[in-house]
Amino acid sequence: MAVTSSLPQDIDLSIGPGHRPADEHLAHLKLGRSFLAGPHAGEDIIRLRWYVRESDGALVGRVWFGPGAQGPPGHAHGGSMAAVLDEALGSSCWVAGHPVVAAELTTSFRAMLPLGTVATVEAWIEKADGRKLYPKGHILADDGTVYAEASGLFIEMTSEAFDALADRLE
Ligand SMILES: CCCCC/C=C\C/C=C\C/C=C\C/C=C\CCCC(=O)SCCNC(=O)CCNC(=O)[C@H](O)C(C)(C)COP(=O)(O)OP(=O)(O)OC[C@H]1O[C@@H](n2cnc3c(N)ncnc32)[C@H](O)[C@@H]1OP(=O)(O)O
């Protein structure tokens, strides 16, 4: 069954009595907007282009973290970096011919990444054991500073599982 990519306009995210909006609760801290719950989530969050490095087949990306990716004031949300690394590690397997899904992802945050930064992402397959792939990757500043690094376990889909997913493509 095809799944439409258009966004429903009327998703009800309300909750029962006994709750008040967390942004009101924290308003006195003036933290600014949230990466995941901001009012205008959109293309000011992350812009990303993936490349394959011809020398070794590694996946390389250039990524910009915008104001909508805010975590600590003025800096990227850890989840935004983890999301980029999740996609990087998975894609490093896909471009090497392994259609995988993520099973485990471990991310280490090494330095705060200032919003507005364009950084480099690299990911490669560290080890493979049958259907289990163990990619690694990192997000680097142009001066070599490591903002975050990740390792993961990704499982290559069976051909039946892959075909079932492909059936859901539009
Ligand atoms: C995809 C569309 C198709 C068409 C696409 C076309 C073009 C696309 C082009 C480019 C795409 C480029 C990039 C895409 C990049 C990334 C993709 C997105 C990445 C994700 O965002 S993906 C979402 C999050 N991800 C999930 O939604 C996974 C949910 N899950 C499952 O779908 C199953 O769970 C699965 C499939 C993982 C395994 O199921 P299964 O039945 O096939 O295999 P089984 O259970 O037998 O596991 C086999 C061995 O892996 C071990 N194992 C399994 N799971 C483990 C775990 N969590 N931790 C530790 N070990 C684990 C077992 O212990 C066993 O180990 P052992 O062999 O030693 O016993």
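**Exercise 1. Determine which residues come nearest to the ligand, and which elements supply the shell around the ligand.**

Solution. Step 1: Of the 19 residues around the ligand, those that come nearest are G90, W94, V101, A103 and I155; a residue is near a molecule if its C-beta atom, placed from the backbone, lies within 6 Å of it. The model is a predicted one, in which local features need pLDDT of at least 70 and side-chain atom pairs count only at pLDDT 80 or more, while totals for chains, interfaces and linings use all residues. Residue numbers start from 1 along each chain as its sequence is written.

Step 2: At least two residues of the shell are supplied by each of α2 (78-94), β3 (100-109), β6 (146-156) and α3 (159-166). Helices (H or I, at least four residues) and strands (E, at least two) are DSSP runs, numbered from the N terminus.

Step 3: The largest share, 5 residues, comes from α2.

**Exercise 2. Describe where H75 is found and whether H75 is buried or exposed.**

Solution. Step 1: The loop between β2 (59-65) and α2 contains H75.

Step 2: H75 counts as partly exposed because it has 17 C-beta neighbours inside 10 Å; the class lies between buried (20 or more other C-beta atoms within 10 Å) and exposed (12 or fewer), with C-beta atoms placed from the backbone.

Step 3: The C-alpha atoms of H75 and M157 are separated by 36 Å, and these residues are 82 residues apart along the chain.

**Exercise 3. State how far apart the end C-alpha atoms of residues 74-146 lie.**

Solution. The end C-alpha atoms of this span lie 18 Å apart, and the span is 23% helix and 44% strand.
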